[in-house]
There are 2 protein chains.
Amino acid sequence: LMQEKIDLFRAEFLELHPYDQARIFEEQEKNVRLLIYSYLAPQEMAEVMEQVDSDRVVDIIGEMLPEFAAKVLEEMAIDDAVDILNDLDDKNMVASFLTVMSKDASEQIKKLLHYEEKTAGSIMTTEYVVIREDMTVKEAMKHLRKEAPGAETIYYLYVVNVDKKLVGVISLRDLIIAEGDFLIKEVMSERVVSVPAGEDQEEVAQMMRDYDFLALPVVDFQEHLLGIITVDDIMDVMEEEASDDYSKLAGFSDVEKLNDTAIASAKKRLPWLIILLFLGMFTASIIGRFEETLDQVAILAVFIPLIAGMAGNTGTQALAVAVRNLSASSSNEKINTKRIIWEEAKTGVITGTCCGILITLIVAFWYKDIYLGGLVGISIMATLVVATIAGAFVPLVMHRLKIDPAVASGPFITTLNDIISILIYFSLATTFMGLLTN
Amino acid sequence: LMQEKIDLFRAEFLELHPYDQARIFEEQEKNVRLLIYSYLAPQEMAEVMEQVDSDRVVDIIGEMLPEFAAKVLEEMAIDDAVDILNDLDDKNMVASFLTVMSKDASEQIKKLLHYEEKTAGSIMTTEYVVIREDMTVKEAMKHLRKEAPGAETIYYLYVVNVDKKLVGVISLRDLIIAEGDFLIKEVMSERVVSVPAGEDQEEVAQMMRDYDFLALPVVDFQEHLLGIITVDDIMDVMEEEASDDYSKLAGFSDVEKLNDTAIASAKKRLPWLIILLFLGMFTASIIGRFEETLDQVAILAVFIPLIAGMAGNTGTQALAVAVRNLSASSSNEKINTKRIIWEEAKTGVITGTCCGILITLIVAFWYKDIYLGGLVGISIMATLVVATIAGAFVPLVMHRLKIDPAVASGPFITTLNDIISILIYFSLATTFMGLLTN
């Protein structure tokens, strides 16, 4: 691909979309990457870096000469550069990059480095076009032409008054259609929706999706415009949050990648597995207490996985519904906890009754023992009711306590419901022992 | 809120963003909604309808007078109108709406009704601005001003040649910056990325997210431009697909809503629960075969939920990683099945060895029986290895067979692994029975 033919490489590589450039770049060996740095201008490399996988971006910045890296960061979209600097563990390196950069760039970056992760402030950019309400349409268009090359989006223009407070918005579409001599304040929309810098990024994503915005302004407590969030960043947030919820339901705290090594994967999974191992030992110790019952009616053991499994499955269903709907409802909607629990209880009674009757019939015929059938059936019924309620109750309580309900992952609910189901099953079995040993 | 004060209602209601209008509208009783139809013009109602929850939109269209409904559909964004018509079960109603509409609108809609659900064709819109390559920048801007009000987005302009084939794209940003006398073909980018109409919507979403597009053109096999897909529709697709994957992992085929009744919820969950019940009976029958072993060493039953639970949890983890990464990798990336399985096997060996040793020690001390400890430990180890591989193997095979791997939901893998783990455990126990009964 490369050898010494710089011109040929540049001609072919720069023809590609930055996303494809990044894919090719990532596939190269380290020594080839080092060559690429010397072939590309900082600005060209910046476009590639914006598309490099976020897991590798920190390593790659570390490979570059510090001065080149600083220039690349300066040329990148400011929000992407800030993400990288936030991910760098070596804070001396961050400081040295900032000193090499132009004063203007380093000051803008410093401002953005303040914001907490996963807030509106942390994903916003300061590269946007702002116009004043007393400009005419013509002046605004002229201003726009000048500012457009450096801005991340120009399709929504935010309007401020003399105090730099956000007072309106006009889309480029409306600006183009408007007559040249009108004042911006006459043609802009005053229905401007904004978010405070501390807003959670998931809420911001929800809002942009609901309102079909391409950009959303971020303001401080005095309604001063601080920056804007663009839809491409929101798509990444949505993907990230969905992966996050999904991973938690499956039972790990950290999202895994296909290219993780086995040891890295094992490290992420082991903590959960060990916690579950101890919870499982607790379940085992409960069964241990009923050893006497088991000794007398060994057949009881046969149905343990069936009952525990059904409890786990129904609990996970209820959990998923609750978590999904909690994260889909915006924060200003009230969650009617009582009503949800009540509906889940009814759902549990219906599913429990159906499954209970079915299993009673199957076991009664199979083992020719109506009492055993009844025991298993009633256990399944009671288990399903309790497990369904537990599956919905745990995330709702967490939501109330302002804990992310997705933390109540599937395996946790499953194990909790294992314990509940086994308690129900063996308690019933011990109580009605007389009937079973006939 | 309403009474007879039409003007006041209109003044206040129309001030709101359509998303908020829709929320208010949905909360009203049916008779209030009927009043609203008479207060609003079809165009105003169309904006509300575009934001109404997709589950309710069909009922609401049914409430309107057919003629009003047809006008509202005509005024809506064409892709949204097509979605509604696709959801209507009563095909006579669809036909009657189409006859009432203007010929132009009904023909455009008919074209879009052809496309299969969840393809690029089904989510695209035909309301876009197209320019010819031989226009000058000035002519293009004039054309744009004229067409802008009816278009869904004007921020990317697609360029066609005399044969109506897609040959380029220019962003409005670049158009505004360009000099007026240049020809479009001199300033446009020829690096235009398009998708065929039959492309899966998930692939389209992935592409828009990767390339940070605000719109993507859809073409037929001869590269003729058919329509465009805008980013707001893609955000809905992303949300839908994420909900879908999540629901499947939790074990149901249909996404549930918080406002579903208990009976509706139960209906969606019962099919899965009953399948799992039968799978659970199968597990039970396997344990039944080892009844003799159980009769002799009742304590074995104590560890059934622990071993089955661990198998289920580790399998779900492996499953989630595989499904998530399969759906995140675009179709042109090759999935190296062997490598993934091999990595998962190694992960399984590491986690299995750690958990196995831990549980051996715990059980050996607790029950003062080194053989029992060893049996449970070795079972856990073997189970974790097999369950991890199974968790990754099943979705990968499904992917190969072109079945959506997310169908291999959590409960299915869990139950499969229950069976495997119990077979391993009891086979080992029966083999080494001599040591346990000492």
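This report walks through salt bridges and helix packing in a predicted model.

**Salt bridges**

Side chains of opposite charge can pair when their charged atoms come close. Counting over all chains gives 18 salt bridges. Three of the pairs are listed here.

| Pair | Closest N to O distance |
|---|---|
| Glu44(A) and Arg10(A) | 2.8 Å |
| Glu63(B) and Arg33(B) | 2.3 Å |
| Arg132(B) and Asp134(B) | 3.3 Å |

Let's start in chain A, where the side chains of Glu44(A) and Arg10(A) meet in a salt bridge. This one links distant parts of the chain: Glu44(A) belongs to helix 4 of chain A and Arg10(A) to helix 1 (residues 6-15) of chain A, 34 residues apart. Arg10(A) has a relative accessible area of 25%, so it is partly exposed.

Over in chain B, Glu63(B) pairs with Arg33(B). Glu63(B) sits in helix 5 (residues 57-63) of chain B and Arg33(B) in helix 3 (residues 30-39) of chain B, so this salt bridge ties together parts that are 30 residues apart in sequence. Are these two partners buried or exposed? Glu63(B) is buried, because its relative accessible area of 17% falls under the 20% cut-off. Arg33(B) is buried as well, at 7% relative accessibility.

As for the pair Arg132(B) and Asp134(B), Arg132(B) is partly exposed at 40% relative accessibility, and Asp134(B) is partly exposed at 38%.

Back in chain A, salt bridges also join up into a network, which links Arg23(A), Glu26(A) and Arg56(A).

**Helix packing**

Two packed helices are described by the angle between their axes and the distance between the axes. Take helix 2 (residues 18-27) and helix 4 (residues 42-49) of chain B: their axes come within 8 Å and cross at roughly 85 degrees. That angle lies in the 65 to 115 range, so helix 2 of chain B counts as roughly perpendicular to helix 4 of chain B.

Which residues make the contact? Helix 2 of chain B brings Pro18(B), Gln21(B), Ala22(B) and Phe25(B), while helix 4 of chain B brings Met45(B), Glu47(B) and Val48(B). Sorted by class, that's five nonpolar, one polar and one charged residues.

In chain A, have a look at helix 6 (residues 66-75), where Phe68(A), Ala69(A), Ala70(A), Val72(A) and Leu73(A) are buried. What do the buried residues of helix 6 of chain A pack against? Their partners are helix 3 (30-39), helix 4 (42-49), helix 5 (57-63), helix 7 (78-87) and helix 8 (91-100) of chain A.

Notes
Residues are numbered from 1 along each chain as its sequence is written. Chains are lettered from A and ligands numbered from 1 in the order in which they are written. This is a predicted model: local features need pLDDT of at least 70, side-chain atom pairs count only at pLDDT 80 or more; totals for chains, interfaces and linings use all residues. Side-chain values use heavy atoms; hydrogens and water are left out. Buried means under 20% relative accessible area, exposed over 50%, partly exposed in between (1.4 Å probe, protein chains only). Helices (H or I, at least four residues) and strands (E, at least two) are DSSP runs, numbered from the N terminus. Contact means heavy atoms within 4.5 Å. A salt bridge is a side-chain nitrogen of Lys or Arg within 4 Å of a carboxyl oxygen of Asp or Glu. Axes are lines fitted to C-alpha atoms, for helices over the stretch in contact, and angles run from 0 to 180 degrees between N-to-C directions. Angles under 35 degrees count as roughly parallel, over 145 as roughly antiparallel, 65 to 115 as roughly perpendicular and the rest as oblique. Ala, Val, Leu, Ile, Met, Phe, Trp, Tyr, Cys and Pro count as nonpolar, Asp, Glu, Lys and Arg as charged, and the others, Gly among them, as polar.
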